[in-house]
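I opened the model to look up its pockets and its nonpolar cores. My notes follow.

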Amino acid sequence: MRLFFCFCFFFMIIFSTSSAYDPLDPNGNITLKWDIMSWTADGYVATVTMNNFQIYRHIQNPGWTLGWAWAKKEVIWSMVGAQTTEQGDCSKFKGNVPHCCKKIPTVVDLLPGVPYNQQFSNCCKGGVVGAWGQDPSSAVSQFQVSVGLAGTTNKTVKLPKNFTLLGPGPGYSCGPAKIVPSTVFFTTDKRRKTQALMTWNVTCTYSQFLARKHPSCCVSFSSFYNDTITPCPSCACGCENKKSCVKADSKILTKKGLNTPRKDNAPLLQCTHHMCPVRVHWHVKTNYKEYWRVKIAITNFNYRMNHTLWTLAVQHPNLNNVTQVFSFDYKSVAPYGSINDTGMFFGTKFYNDLLMEAGPSGNVQSEVLLQKDEKTFTFKQGWAFPRKVYFNGDECMLPSPDAYPFLPNSARANLASLWTLSLTVLLLVVFISSL
């Protein structure tokens, strides 16, 4: 019996570890860096930097939420560039009242347009943090915090514990804070460098298994050489919302406030057989002598959600020969150096980087031109379709391989061509003889 429990425990560890591992972005994580910049009478002032090192996974509206537990009886005297959601019980303080007295504070980013004296560098974006592969300059968020009752030396300061990160929902697991070499800063003229008095890092990794029970997107296929359209699998994203879904022609859609997100982020989905908030359709459109063309369409079926800074990661063996992408931006992703079979598509800024909620405007699409590799190229056995598809960092459910639109059987195609030719000749003979 003891051996059985040990085996189960070992299996759970392996499963939980593998579920947090992303094969297309093995080194992706969000790193929180705390830099103590100065000491105060009873604590310190620190700059907290959130760096998103994930290639194609970002934090979208309503943004990140960060929490931790203080090691002692610390309080937050003030914050710039962020705020806690609750002040807590500060009744024991006379005169100056701290910004937050909770043992476990919850911090959120400020919204755009706050007064200048409340802003800090890389702050005030409503918690939205871009993906590193999409735009490194938007993949960072910062705020400043003044901590009291915390100790005033490197030896007396105790590191916070139990960090949590919502981005905006669950899925991130954060490790313990670790002291690292102090961060070095350069002056504007680059002639002098300074360093933080003390620095510690916290690493948070994402697991789709922890984020949700079902996938959040699905993929459908079609091709020019087959009349069959392979739809998303039925209930690909679970059918829990089947009773509350809305039909595309429902009069409810004209109701005001329908598109307003709820605090619990509960979706309002269009009724479909797959019940997914997002569907990605991959259509093999044209076959040229040296090239072939694909059309990609992304459709949003959630009436309460629009996707800012959306990303689409695709694994396909011919993405090493992308010739042109017409309406999306494209960047190659090479997680293993020599293997170049993964790419990331994302919207062009100020054009289609916002995927609107369900409805007439709730889709974006582009065509991709790829050059054929004569050594490996073939349309047989579903080769033209992707191996993996990720939307906003979550893996989408693909149809079963035996349902892919395969090439017609060559023998049947030749037989059909022979019958067509024979019938044409027969009609021609009849027509000539009747003259």
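I started with the largest pocket, which is lined by 41 residues. Nearest its centre lie Arg-212, Ser-216, Asn-265, Pro-277 and Met-305. A pocket here is an open set of points on a 1 Å grid over the protein atoms alone, with protein on both sides within 12 Å along at least five of seven lines; lining residues have an atom within 4 Å of a point. The model is predicted: local features need pLDDT of at least 70 and side-chain atom pairs pLDDT 80 or more, while totals for chains, interfaces and linings use all residues. Numbering runs from 1 along each chain as its sequence is written, and side-chain values use heavy atoms, without hydrogens and water.

I noted about 1200 Å³ for the volume of the largest pocket. I sorted its lining by class: 17 nonpolar, 15 polar and 9 charged residues.

I then took the second largest pocket, at about 260 Å³. Its lining has 14 residues, with Asp-135, Ser-138, Leu-309, Lys-349 and Asp-353 nearest the centre. By class I find 5 nonpolar, 4 polar and 5 charged residues there.

Next I looked up the largest nonpolar core (buried Ala, Val, Leu, Ile, Met, Phe, Trp, Tyr and Cys residues joined through side-chain atoms within 4.5 Å; buried means under 20% relative accessible area, 1.4 Å probe, protein chains only). This core has 36 residues, and Trp-34 and Tyr-44 have the most contacts inside it.

I also listed contacts (heavy atoms within 4.5 Å) of Tyr-44, leaving aside neighbours within four places in sequence; among them are Trp-34, Trp-70, Val-145 and Trp-200.

A second, separate core has 33 residues, including Trp-282, Ile-296, Val-314 and Leu-355.

Note on methods: Buried < 20%, exposed > 50% of the residue type's maximum accessible area, 1.4 Å probe, protein only. 1 Å grid on protein atoms, 1.4 Å probe; cavity = no way out; pocket = protein on both sides within 12 Å on 5 of 7 lines; lining within 4 Å. Points joined across faces, edges and corners; volume = space filled by probe spheres on them. Nonpolar A, V, L, I, M, F, W, Y, C, P; charged D, E, K, R; others polar.
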